[in-house]
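Q: I'd like to learn how to read a structure feature by feature. Could you take me through it, with the general idea each time and then the case at hand?

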Amino acid sequence: MTRESRDTEITKAAGAGATAAVRGRKKRKNKENKTRTVRANTLLNDHPNPHYANNKIKTTKYTLLSFLPKNLFEQFHRFANVYFVFIALLNFVPVVNAFQPELALAPVVFILSVTAIKDLWEDYRRHRSDTEINHMDCLVYSSMERRYVEKYWKEVQVGDFIRLRCNEILPADVLLLSSSDPDRLCHIETATLDGETNLKQRQVVRSFLDLDCEFDPFKYHSVIECEKPNNDLNRFRGYIVHRSGRRDVLCKENLLLRGCTIRNTEEAVGIVIYAGHETKAMLNNNGPRYKRSKLERQMNVDVFWCVIILLVICSFAAVGHGLWMFQYGDKRPVFDVLSPQGTNLSPIMSAIYLFLTLIIVFQVLIPISLFVSIEIVKICQVYLIHQDMDLYDEETDSHLQCRALNITEDLGQMQYIFSDKTGTLTENKMVFRRCTVAGVEYSHDANARRLAMYQEMDSEEEECMSHGGTLPRRESVTSHQSARVVLRSQSTKSHRRTGSRAEAKRASILSKHTAFSSPMEKDITPDPQLLYKVNECSSQMDFMRFHSQPMSQLSSDLSDIIDFFIALTICNTVVVSSPNQPRHKVRMRFELKSPVKTIEDFIKRFTPSRLTSGSNSSSSSSLITNRSSNKGCSSLLSSPSAESTLTKLHEEQSSHLEPTFSPVPPCYDGKASWNLEEGELRYEAESPDEAALVYAARAYKCSLVGRLPDQVTVELPHLGKLSFELLHTLGFDSTRKRMSVVVKHPLTDQITVYTKGADSVIMDLLKPLDTGKRQKKIICRTQNYLNLYAADGLRTLCIAKKILSKEEYACWLQCHLEAETAIQGREELLFQSALRLETNLQLLGATGVEDRLQDGVPETVAALRRAGLQIWVLTGDKQETAVNIAYACKLLDPEEEMLTLNADSQEACALLLEESLHYIQAKFLCSSADQAAKAFHTNFVPCEINSSSSLSSHNTSPFLVHRLGLVIDGRTLAYALDKTLEDKFLEVARSCRSVLCCRSTPLQKSMVVKLVRNKLKVMTLAIGDGANDVSMIQVADVGVGISGQEGMQAVMASDFALPRFRYLQKLLLVHGHWCYSRLANMILYFFYKNAMFVALLFWYQFYCGFSGSAMIDQWYLIFFNLMFSAFPQLVTGTLDKDVSAETLQRLPQLYVNGQNSEEYKPYMFWMNMIDAFYQSLVCFFIPYFAYADSDVDLFTWGTPITTLALFTILLHLGIETKTWTWMNWLSIIFSITLFFTVALCYNASCPTCFSPSNPYWTMQRQLQEPLFYLLCLITPVTALLPRPFGVQMCNNYYNGTN
Amino acid sequence: MMASSYNAKEEDGHHSGSASHGGAAVVKSKKPDNTAFKQQRLPAWQPILTAGTVLPAFFVIGLIFIPIGIGLYVTSNNIKEFEIDYTGVDMNSACYSCAKNFSWNSTTSCLCTVDFTLEQPFESNVFMYYGLSNFYQNHRRYVKSRDDSQLNGDMSALTNPSKECEPYRMSEGLPIAPCGAIANSLFNDTLKLYYLEANGTRNEIPLVKKGIAWWTDKHVKFRNPGGNANLTAVFQGNLTATSKPVNWRNPVYELDQDPENNGFINEDFIVWMRTAALPTFRKLYRIIQKKSSTMPTLPSGKYVLDITYNYPVLSFDGRKRMILSTISWMGGKNPFLGIAYITVGSICFFLGVVLLIIHHKYDTRSTGADIPN
């Protein structure tokens, strides 16, 4: 509260200006302002930012003092714990107590303390890790000593100045104020935040760009006003208000986030904005998720049944007791003891008291240890899944992560899988395949062959060793670049040949530094025709440059080609780094200019007066000479007009010289060892498409050489290095589906916009068709090829350009700058601004990039299919691409019929759905109804998942799954998801074998999942790799993230994270099946065990006047569940395998078992109850008759019964155990040994204690009696006899009928 | 437990990441160990319930159980047992009047005599039991109503018995020794056995009253306060004055003349304090020891049982019996276990046969082999 008021107060003040802000101490409340204000700690003696969290982090939940109450409070959120505590407390009431009250507390205390110790241990680990982090060092400016001093992280405060050195980790969210980098940049690696391994550039706050000397914290008098802490890593907005009253915008490019690592930058200084728990990294860090699994929900129903059974038997016994008392009338027998007060209780009152007593005695029926055991077993299961080598990916050194610990068994019950396509089914490693420029297709046959070769090698590595020699020769004939090609393919061959796992690993370590670097992606064999054209074109341009001819003389085809490649090279955010020092970006500076950020800047830039402007004087000394020469050089070539106002721009343009070439001599940064040799550069891109295109352009010798915030350098054949002044970058976003760069073309000096984006978007933004016949033809042809590409399953991108006049640009720039500085709705304004720029484009060409399927995807899809899982693919790609990928990964079958739903309106969609429904019904209803009709529809027989079990299980859903595929696009999907149509859509969709949703947005993805989950009541699994899959992953019952190329957002949101899609097969079919069957069996066994044990006591009530007496010693009664019979079931629950892993993978049909919940059906609970009933009868009455009318005493009789029950229960588990390992043997032997050891010790310990049983020497005497052993032999055998017999009968029956 | 480390690691994923950067960043492969346990490939035995395994098991069980059963049955049959009900429900029975008139409040004892005939001689040691029916010694409140510390001779417990003894804890301001409902309802009939010789003389058969309780009870669990000597002083001393249980005629220190069998260590008392498991039970009363190897312990013939009828059971429809029995290695006469073994063995055998028939009838293919190991 105080902080909020503080924040708002300061915001108000900041609005009035910096000085006012410093003075402003009035506490006024303004709820609309949600900002925080940060002032430097050097400013005032008292702490100016006292209410912000400091950098000390504490992720622990408890302190020493609060641990007990807090932990108990949390544990009591579980209803069962409350119940057990209630029962334990009930024991303290003298009238109803059944056991020694202290003893009755034991199990509850035990359970609670086990959980508490677990929590404590985890908390302690957190505490240790906290301390370690809190005690890391960093340099903080001390205003007392006037220098940077080493301090612990935890001592860092908001408003502190921090000096950061290379490879240091950021202690807090820091606003970058100064950097040793001459470009005023700072590079950070954000792998710990989002898993992206490429470097990101961060910029010094604009107003501090010009500082020529070292940043001095004492000269800093600005006030920062920014957002309140939030968890959005990709957003930071705020202002810096200087003393002069000037305000500068702050954006995420200025913010260094906690946990990132400084790279490539010697030193940087920043001011702490958010510290400790308010940093974005910490706000994003929320612990594991807790879900409740289907099995657990089912179990809870049966726990409820147990409660009912408990109440029924207690009431029964209570009534019995009442009647028993009643029959004696007033003559109280000598054994019916009066109440302690000596009063005579009426039968009714006795019955009521007895009811409560019995609830205590029979409490074991609600298994107290069940919940704890399930948790332990799940943890063990998670551990084993973690350890599975088959789920370990050597290339990325990552294995499966279970992030949700308590839904392992859900993996065995999945019915629907919703999968993303890109990055999930495919590698998300883009390989350039073909392109079309200016309406001409270049098929890149050699490239295609090269890719085919990789595939071949992938499949048969052995064979390629012998074939390798011949392959290049064949290729050399086709290409005039023969020598080169031979070299390349030989080099790749040798790489593949030594392609052992170790080699692959080394390659993957390398590839960690640069994002995408496998030779398959890098080495592109150029199309000879296109290469020739590029060469020709550039030589012509070279020629023209020498002869100072205008560029317009170039034929439009050729200029399109060169523009196309320039666009490929520069319209991206790729960062260049050299391989020798993978973390050092290549520094090549040809001119020094800050990007155009203000109108004044713009005017300066485009007028000669900029020569005199002092803006560049702050450059570091090493660069001065180069820069001045550059400036001189460019100034000679720039326009002579001397006006310095915007209005003069018209004149400037009209009087502009013919566009001329500006040959710029390359110059190198001193410290970067830069090797000119081509192919040594590494490209780091945020998305793999970009890298693929840049590598493609490089194959045509059109290579990206360097990128700075304001400049891109490209090397072209003949022309040498050209640097494009980067005026603006409009980044890619999923709504626009395109990105643009605004550059000043060095050859023509024109302001050019290059746009790259999805074909559907770009096509709409092109110049109106009437512009020219040629353009029209290009568009038409390109569209044709685009369709072809899509049919081949390629990802298509369109490249377009636009030339802006200076005044157009100026006009747009003004609007854009306004948008950038707006506070309210900045995103929206920027979006609008981008829209204004990206219109009337001229189409250059299109590219087809292949996104290769991941290894084993078709096999996995086929296996999951056979396992009875319905797979839906939800993708953002266009329909044709998606359909083709779907065919490639065997999701759609060429033999299947395909329903395509494309509608333009709600009504059309409704109609389409109706039609398809009729179609399906007409086609299939009859076929499934009678066998004869099948002959006519041989192609469309209902999918036979598993003939015997699926037919019986499908009675809930009358729809059979047909051999049909459904394809629906995003727009139609939006209509179909409408409330009125969703039922119909579902009806259609669920009778199809596979569903493909194209062009769907993240929101639609999650809506589809939600719809299917809620309406069909099925178990859903969503799998995806990107941020766009997060919502879907969160909605599904089980969310799986692929830790792939696109960062960690999906993984963070997921319950399970896999390195590869194909691991899903083993995860579901093997681990899912096992986890499910293990837990299901364990839960059933638990119910059985407790029921059987309690029933023994219940039978006894008939022989003790329903008095709530127990023949089993209370110690045995209480520890039976907790100790004696606990371990074997845990071992079985963790390790049992009903079917081996190999079989499960070979016969995916076995998965149906879990889908239909066949291991744990409601009737099974009752079957187990009946079995428990029978076994308890045997275990009770055999000793009963054996000891009938003998001189046996109560607890001497109870001891063999306990022993028998233990044997029976353990042997029962033995029958249920499918796989016996030494662990099972050990646990059973241990249990029995434990029981006898405890019993013997207990019975020898104290002759007077343990009232009322006082079991002194009982066990010892029993062990001397032959009768005891005789009972131990016959009773378990009799009790367990029906089970194998029944199983055998069933086996025989099935064998007979099948 | 081991696995929860993963949990924690994920929770502070960001820390561990940054920490490893700061400290010695060890590049360690996360590759799981290839051990049989972690890969769930432990060598295992998979007992599949097939005809091949179940059938032999049934036959083997049958073959083992039936001989055991026969052995047990024969053993049990060799045990001689004689039982006589002397409750006196029937008008004709000797104790009818005693049973009719007697209650806990009676001060004088009622005597009755029952005649009976042993058809067969009892060869070895004969155990004499008294049996009660419908007596719920296992009632929950009854079972609890005792103070083991007091019975163990604890002085403080003697003067201040446990709360569990309520309402038989204090009587007339004095603590009851022994307290509690069990002690209060001590069986106090006295039985005497006479052999009626052919000439009509009654020959009293010596009944040994020692050695009927568990050794541990007699010597460890039950002890007299302040030793066995001078019990009167202890139970009636100034500081340790106690009262007798309300239903008792005599105080606890007058249970027997023999100081080794008096007070809390009186064996009849100890036997009674071991509460029976079931409402129909017997308790060892006396032992008739075999005197010579030639003479049977109890020759066949007529006997007379003299009963001092003190214990009322009719109010709760109870029965009192006197039982004479020899015992074998497996205890008293009880044919049940033998029959049970024979029955279960036969059932197993029978089921085995049934399964075999079914198996042969249906099983043309292999059974259960579709799931290989």
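Q: What is the relative accessible area of A:Glu145?
A: Classes help here: under 20% relative accessible area is buried, over 50% is exposed, and partly exposed lies in between (1.4 Å probe, protein chains only). A:Glu145 has a value of 45%, so this residue counts as partly exposed. Before we go on, a word on where this comes from: the model is predicted, local features need pLDDT of at least 70, side-chain atom pairs count only at pLDDT 80 or more, and totals for chains, interfaces and linings use all residues. Residues are numbered from 1 along each chain as its sequence is written, chains are lettered from A and ligands numbered from 1 in the order in which they are written, and side-chain values use heavy atoms, leaving out hydrogens and water.

Q: Which side chain does A:Glu145 meet in a salt bridge?
A: The idea is a distance test: a side-chain nitrogen of Lys or Arg within 4 Å of a carboxyl oxygen of Asp or Glu. A:Glu145 pairs with A:Arg147 at 3.0 Å, N to O. A:Arg147 is partly exposed too, because its relative accessible area is 45%.

Q: How many salt bridges does the whole structure hold?
A: Over all chains, the search finds 44. One of them joins A:Asp336 and A:Arg332 at 3.1 Å, N to O, and A:Asp336 is buried because its relative accessible area is 4%.

Q: How far apart along the chain are B:Glu83 and B:Arg321?
A: Their side chains form a salt bridge at 3.2 Å, N to O. This pair links distant parts of the chain, 238 residues apart, with B:Glu83 in strand 1 (residues 81–85) and B:Arg321 in strand 10 (residues 319–325) of chain B. For the element names, helices (H or I, at least four residues) and strands (E, at least two) are DSSP runs numbered from the N terminus. B:Glu83 is partly exposed because its relative accessibility is 38%, whereas B:Arg321 is buried, at 7%. Both residues belong to a network of salt bridges that also links A:Asp1189, B:Glu81 and B:Arg282.

Q: How do strands of a sheet pair?
A: They do so through backbone hydrogen bonds, either parallel or antiparallel. We call two strands paired if DSSP finds at least two bridges between them. Chain A has an open sheet of 6 strands in the order 3-2-4-13-5-11, with antiparallel pairing. Strand 3 and strand 11 (255–256) stand at the edges with a single partner strand each, so one side of each is left without a neighbour in the sheet.

Q: How many bridges join strand 2 of chain A to strand 3 of chain A?
A: There are 6, between residues 137–142 and residues 147–152. For instance, A:Asp137 stands opposite A:Tyr152. The two strands form a hairpin with 4 residues between them, and A:Arg146 in the turn has a positive phi of about 55 degrees. Elsewhere in the sheet, strand 4 (residues 161–165) and strand 13 (residues 267–274) of chain A run antiparallel and share 5 bridges, with A:Ile162 and A:Gly270 as bridge partners.

Q: In which sense do strand 31 of chain A and strand 32 of chain A pair?
A: Theirs is a parallel pairing over 5 bridges, in which A:Val967 is opposite A:Leu996. Strand 29 (residues 870–874) of chain A also pairs with strand 32 in the parallel sense, over 4 bridges. Strand 32 (residues 994–998) is mostly covered, with 5 of its 5 residues buried. From this strand, A:Ser994, A:Leu996 and A:Cys998 point one way, while A:Val995 and A:Cys997 point the other way.

Q: Which residues are joined by a cis peptide bond?
A: Omega is the angle to read. A:Ser1251 and A:Pro1252 are one such pair, with omega about 5 degrees. A:Pro1252 sits in the loop between helix 44 (1222–1245) and helix 45 (1258–1264) of chain A. That loop also holds A:Asn1254, a residue that is not a glycine and yet has a positive phi of about 40 degrees. A:Asn1254 is buried, because its relative accessible area is 2%. In chain B, the bond from B:Glu166 to B:Pro167 is cis as well, with omega near 0 degrees.
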